[in-house]
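I pulled this one up to get my bearings before going back to the bench. These are my notes, in the order I looked things up.

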Amino acid sequence: MKALFFIIIFVALAVACWQFVKLLGLAKADDQTATEKENNINGWLMLILMGFIYGLMVYSMYGAKDVLLPQLSASEEGKHIDILFKITMVLIMVVQFITQFLIFYFTFKYRGIKGRKAYFFADSHKLETIWTVIPAVVLAGLIFYGLWTWNQVMDSSDAENPLMVELYAKQFQWEARYAGNDHELGYANVRFIEGTNTMGVDFSDKNALDDIPLMVSEGKFVKELHLPKGRPVIFKLRSQDVLHSAYMPHFRAQMNCVPGMVTEISFTPTVTTAEMRLNDDTVAKYEGINKIRSDRGDETVEFDYLLLCNKICGSNHYNMQLKIVVDEEEDFNKWLASQKTFAQLNNKN
Amino acid sequence: MSDHHHKETFVTKYIFSQDHKMISKQYLVTGIFMGVIAVFMSMLFRLQLAYPEKSFSIIEAFLGRSGEGGVMSPDMYLSLVTIHGTIMVFFVLTAGLSGTFSNLLIPLQIGARDMASGFLNMISYWLFFLSSVIMVISLFVETGPASAGWTIYPPLSALPQAMSGSGLGMTLWLVSMAIFIASSLMGALNYIVTVLNLRTKGMKMTRLPLTIWAFFITAIIGVISFPVLLSAALLLIFDRSFGTSFYLSDIFIAGEVLHYKGGSPILFEHLFWFLGHPEVYIVLLPALGITSEVIATNSRKPIFGYRAMVMSIIAIAFLSTIVWGHHMFVTGMNPFLGSVFTFTTLLIAIPSAVKAFNYITTLWKGNLQLNPAMLFSIGLVSTFITGGLTGLVLGDSALDINVHDTYFVVAHFHLVMGISAIFGMFAGVYHWFPKMYGRMMNKDLGYLHFWITAITAYGVFFPMHFVGLAGLPRRYYTNTAFPIFDDLLHINQVMTVFAIIGGLAQIIFIANFFFSIYKGKKAPLNPWKSNTLEWTAPMEHMHGNWPGEIPHVERWAYDYSKLDENGELWGGQDFTPQNVPIRKGEEEF
């Protein structure tokens, strides 16, 4: 019944609002559109609102400086996206600044005065043409540059010696599989899932046995996914149950995992984890984070690349993650060689 | 005959009324009621986002077992965001906004006795009411309300094994929405037929107020797109209950392989967004229509570029039906399709820019009457631009990759469609309240309501863009599972404080609304000195709207501050209602 108590409070607040106005005698009879005084006060307040919005813009940008993702993209493709993003953001800021100014300044400047005549101005072919053509031209540029970038990012056909990696999503964890020596992933389907074969790999497929899995074993989640610096990585994404989305913000990469089909995304990592930890933005961000954490009594943390789930997938959606480690190619090869293939794992069993 | 009064009982007058004015009030009150539920939910989950793990007795009071110890469960969090979205988009901003004002204004502004079919109109409202009841009931089922997000993507929404909200809660959601769609189709067909057939003498299409243009075009895109959502929902019901595989394939869940084979969730996404994107404009266009009317009236100036405004409404409506794929850039859809949708999506910026600049030019050199309706309209133009501009990021497939499904998206659509549309709705209520209830709303409370709402709206949704740019995905129950998001907590707290103040400020509006119905000052016939026909109808509501003959229309709706050849105001006043004949020597615009 506590709910009822809260509801009664809300109703009481509403009644109080009305009584307050009656008490102050503000419920006065007046000129019905708006009095000169009201126009004056609200005109000034509109200017203040403009100040508030500009202030909020500056404050948000300044305050967010250290919390945003590192400016340095960790992938080749991400660099293209970042340039396009910067251009678009500058355009947005300029238009936002000007149009908001016009709205609020005009509202202030032309606030109603008794007896002033408004200017009957119903149409102007010239003005209409100007603000149809200018946005059209700007947008044409933006569209073409955007489409060029999109092709750069999505087209992996020219990748040389790519590393094939499968990401396998399930409520609420990630598994992964490297293609092994043959550079081909073996066929897999949920109908093969059995016992330790948690990814449903078809071992009768000749490409399957040399695949190197990172699987859940004995209830333990996969700890980290390694990627080599400077070599294109093609991700093949699958899902076991519902929609998931593989989101790797530092690499500016994201693609959904769809049950019943294999989706694809690719990028070339360009910055190792060790290098990214030395990046100025990263250092500043993690200083902030660790200060907050130590104030709270939590242990401090170091930067790591992340794979997050970014499509609502159930109650633990908020904690479906996998650490990504980008190594120099040499270290990566060493690491990969230390992992077991399906053939090795199956023999052991 | 119009002035022939039927004997009306309480039931035929207030409940099963076929009068468009009463139906409009029914829509509005139901919409406000649903809005209270949805806004309250948002305040609860904002608490969770800003203060995870903290205990709030209000959460335990309202959420019961799902809020044990004052902390909500992850499933309940997802239910709250799902139902908040569903109610706001469909029940408040579609039915509450379009249902209220299309019903009220179409007959009154075009000079018709009533809707083309009063009976269909009544059924439309009562189906809406039924769907609202079912949606509210779904909040109380044991396994929890639907919780797969308002977009209810299968397989999550199709499989009760995937989350508990996908059990009975989801079934009720689907039933409620199916009924809602039927209701909204009946409404929309009625609006279209009424506008096409029942205009009074002289009301050419080119003389229609922009409100009517907006409602008319909105109804058309509703009729085109809502049936597709109905079919999507039906196929989902088939998959859930009858074992078909439209959307499902190769699924292993809860320890077993399910029998589904050959379906694709992407099919659902296409069907959903074929409604889902036009829906944005179903929500927004009526708000823009209302704004056009309110800004012109209160600027005491004609709306600038009437024809361009009409053309841009039509262009936006047309484009809105061919851009749905921009919600699906990273779903695995063919990248070439992504290019096409980027192209069509960014084109929408052109008519939108035209509209924005036309509003600004309408303000220029006006004599602005800054009453609450006008403030909300100006606020709409501001949030429409702020929110709309980030569409340039989200509509560009390459840029969408990294902000897709993050808080950047949440900030974008809340500003451009949520806040803008709700501002349009408030503007409409403040402006047409005298027409609906014959009384004035309290202006000072209106001002207070606007100022708190405008500031808190920006305070919540502007910083939210940056939380998204920091990579925080939406629909996360808490951000504490990732140390990388620890430094976003204080921004989340700022947003929550604004959200709670803004939510509570709506109490001012509700108090003002309900008390003014009974205690408000009696309204004069044409309180805003407006040109449109509804203000020529008598204050006392009657069947048929006008006693005697319906006024004829002689001019367009925007002859404000028109000067005669001597530079004096025509007729000595700064407005000339639509039913005043063109004077000698006056040129029709």
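What follows is a run of short entries, from the chain contacts down to single residues.

**Entry 1: status of the model**
I note first that this is a predicted model.

**Entry 2: where A meets B**
I started with the chain pair. On chain A, 111 residues are in contact with 121 residues of chain B. I then asked which elements of chain A each supply at least two residues to the side that touches chain B. The helices are α1 (2–24), α2 (36–64), α3 (76–109), α4 (125–154) and α6 (280–296), and the strands are β6 (244–248), β7 (253–257) and β9 (305–309). The top contributor is α4(A), which gives 15 residues. I also sorted this side of chain A by class and got 67 nonpolar, 31 polar and 13 charged residues.

**Entry 3: chain B as a whole**
Next I looked at chain B alone. I find 17 helices and two strands in its secondary structure. Is chain B as compact as a globular protein of its length, or less compact? Its radius of gyration is 24 Å, and the globule rule gives 25 Å for 589 residues; the two are close, so chain B is as compact as a globular protein of that length. Along the principal axes, the C-alpha atoms fill a box of roughly 85 × 50 × 50 Å. Of the 589 residues of chain B, 64% count as buried. I checked sequence separation too: among chain B contacts with a separation of 6 or more, 80% are between residues 24 or more positions apart.

**Entry 4: a helix pair in chain B**
I picked α2 (residues 20–50) and α5 (residues 118–137) of chain B. Their axes come within 10 Å and cross at roughly 15°. An angle under 35 degrees counts as roughly parallel, and α2(B) and α5(B) are therefore roughly parallel to each other. The crossing of α2(B) past α5(B) is left-handed. Which residues meet here? From α2(B) I listed B:H20, B:I23, B:Q26, B:Y27, B:T30 and B:M34. Facing them from α5(B) are B:N121, B:M122, B:Y125, B:F128, B:F129 and B:S132. By class, this contact has seven nonpolar, five polar and no charged residues.

**Entry 5: A:E38**
Back in chain A, I looked up A:E38, which sits in helix α2 of that chain. Is A:E38 buried or exposed? The count is 21 other C-beta atoms within 10 Å, and the cut-off for buried is 20 or more, so A:E38 is buried. I also took its distance to A:F303: the two are 265 residues apart in sequence and 55 Å apart in space, C-alpha to C-alpha.

**Entry 6: cis peptide bonds**
I noted two of these. In chain A, the bond joining A:Q171 and A:F172 is cis, with omega about -10°. A:F172 lies in the loop between β1 (163–170) and β2 (173–178) of chain A. In chain B, the bond from B:P154 to B:P155 is cis, with omega near 5°. I place B:P155 in the loop between α5 and α6 (168–197) of chain B.

**Entry 7: positive phi without glycine**
Two lysines went on my list. B:K365 is not a glycine, yet its phi is positive, about 60°. Its place is the loop between α11 (349–363) and α12 (372–389) of chain B. With 19 other C-beta atoms within 10 Å, B:K365 is partly exposed. B:K529 also has a positive phi, about 55°, although it is not a glycine. B:K529 lies in the segment after α17 (489–519) of chain B, and with 18 C-beta neighbours inside 10 Å it counts as partly exposed.

Terms used: Residues numbered from 1 in each chain as written. Chains lettered and ligands numbered in written order. Predicted model: local features only at pLDDT ≥ 70, side-chain atom pairs only at ≥ 80, totals over all residues. Contact = placed C-beta atoms within 7 Å. Helix = DSSP H or I, 4+ residues; strand = E, 2+ residues; numbered from the N terminus. Nonpolar A, V, L, I, M, F, W, Y, C, P; charged D, E, K, R; others polar. Rg over C-alpha atoms; globule rule 2.2 N^0.38 Å. Buried ≥ 20, exposed ≤ 12 C-beta atoms within 10 Å, placed from the backbone. Axes fitted to C-alpha atoms, helices over the stretch in contact; angles between N-to-C directions. Parallel < 35°, antiparallel > 145°, perpendicular 65-115°, else oblique. Left-handed = near helix turned anticlockwise from the far one by under 90°.
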